[in-house]
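Where does this protein leave empty space inside, and what surrounds that space? Take a look at the fold, then follow the cavities through it.

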Amino acid sequence: MVPASLAAVTGLAAAAVLFVNAAKRAELIPVSSATQLAAPLAQALAIILVIGLAAVAMRQPSKFSSVALALNVAGLAAATGVEWVINLVFVRLDPSQIAALRAGPLGTAFVAASMTFLLGSILYCLALLRDRKAPRIPTIAYAIATIPIALRNFVPELALDLALALLGASVIWLALWMLKSRPAVAAPRTLPDRSQPHAVSPAGGALN
């Protein structure tokens, strides 16, 4: 598992990139090779964050938690690929070429990546809320922010900018919470009479 401190620091770095992306889209800072190159790092760094957060905040191991985490990681990885194409390939093409690419298999891949990202994020946040250890407000904010980001082609630019800022703020909150939290520990199993199981020596006597 990823150490919580490393995951938290990585999350703070991801949040910083999200704020840069939002400022770039809002034309508060100029578009440059550096900002285009850094843009996909938000999703890539978030993969480390969500794995570390799961170790800290998911106290009830289950198939649901495992599927939610796996789908979230897959969605973030797919979104990273999408951002690489948008920021490093599309930026050098004219609109007609971009439209032609989107009309083919690449467009289908973009839709699949967006839906995986959205579904994985929602399920992951539901798993966190179910276990009731991670703070609720940033977890809910994280889930809400992923909706316009995943549906970026269908929402106004302002909504996307605000979603990026909201996601960055929620990631900072969760990262700072992780720095002062301990990994979740599953509750010890008990015998039917609610007593703790005892270790037994080869001779049949209890060791504890």
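**Cavities and confidence**

Leu49, Val50, Leu53, Tyr124, Cys125, Leu128, Tyr142 and Leu174 form the lining of the second largest cavity. Two elements, α3 and α6 (105-131), give two or more residues to this lining. By class, the lining has eight nonpolar residues, no polar ones and no charged ones. The volume of this second largest cavity is about 40 Å³.

Now turn to the largest cavity. It holds about 110 Å³ of space. Its lining consists of Ala14, Leu18, Ala42, Gln43, Ala46, Leu76, Phe117, Tyr142, Ile149, Leu164, Leu167 and Val171. At least two lining residues come from each of α1 (4-25), α3 (41-57), α7 and α8 (157-179). Here the classes are 11 nonpolar, one polar and no charged. Tyr142 lines the largest cavity, and Tyr142 also lines the second largest. In total, two cavities reach 30 Å³ or more.

How far can the coordinates be trusted? This is a predicted model. The protein chain has a mean pLDDT of 86, with 86% of its residues at 70 or more. Among its elements, helix α7 (residues 136-150) has the highest mean pLDDT, 95, and helix α2 (residues 33-38) the lowest, 90. Residues 185-192 fall below 50; this stretch has 10 contacts in the model beyond near neighbours in sequence. Residues 194-208 are also below 50, and that stretch has 17 such contacts. Where pLDDT is low, predicted coordinates should not be read in detail.

Technical notes
Residues are numbered from 1 along each chain as its sequence is written. This is a predicted model: local features need pLDDT of at least 70, side-chain atom pairs count only at pLDDT 80 or more; totals for chains, interfaces and linings use all residues. Side-chain values use heavy atoms; hydrogens and water are left out. pLDDT is the predictor's confidence in each residue, from 0 to 100. Helices (H or I, at least four residues) and strands (E, at least two) are DSSP runs, numbered from the N terminus. Contact means heavy atoms within 4.5 Å. On a 1 Å grid over the protein atoms alone, a cavity is a set of points where a 1.4 Å probe fits but cannot get out, and a pocket is an open set with protein on both sides within 12 Å along at least five of seven lines; lining residues have an atom within 4 Å of a point. Grid points are joined across faces, edges and corners, and a volume is the space filled by probe spheres set on the points. Ala, Val, Leu, Ile, Met, Phe, Trp, Tyr, Cys and Pro count as nonpolar, Asp, Glu, Lys and Arg as charged, and the others, Gly among them, as polar.
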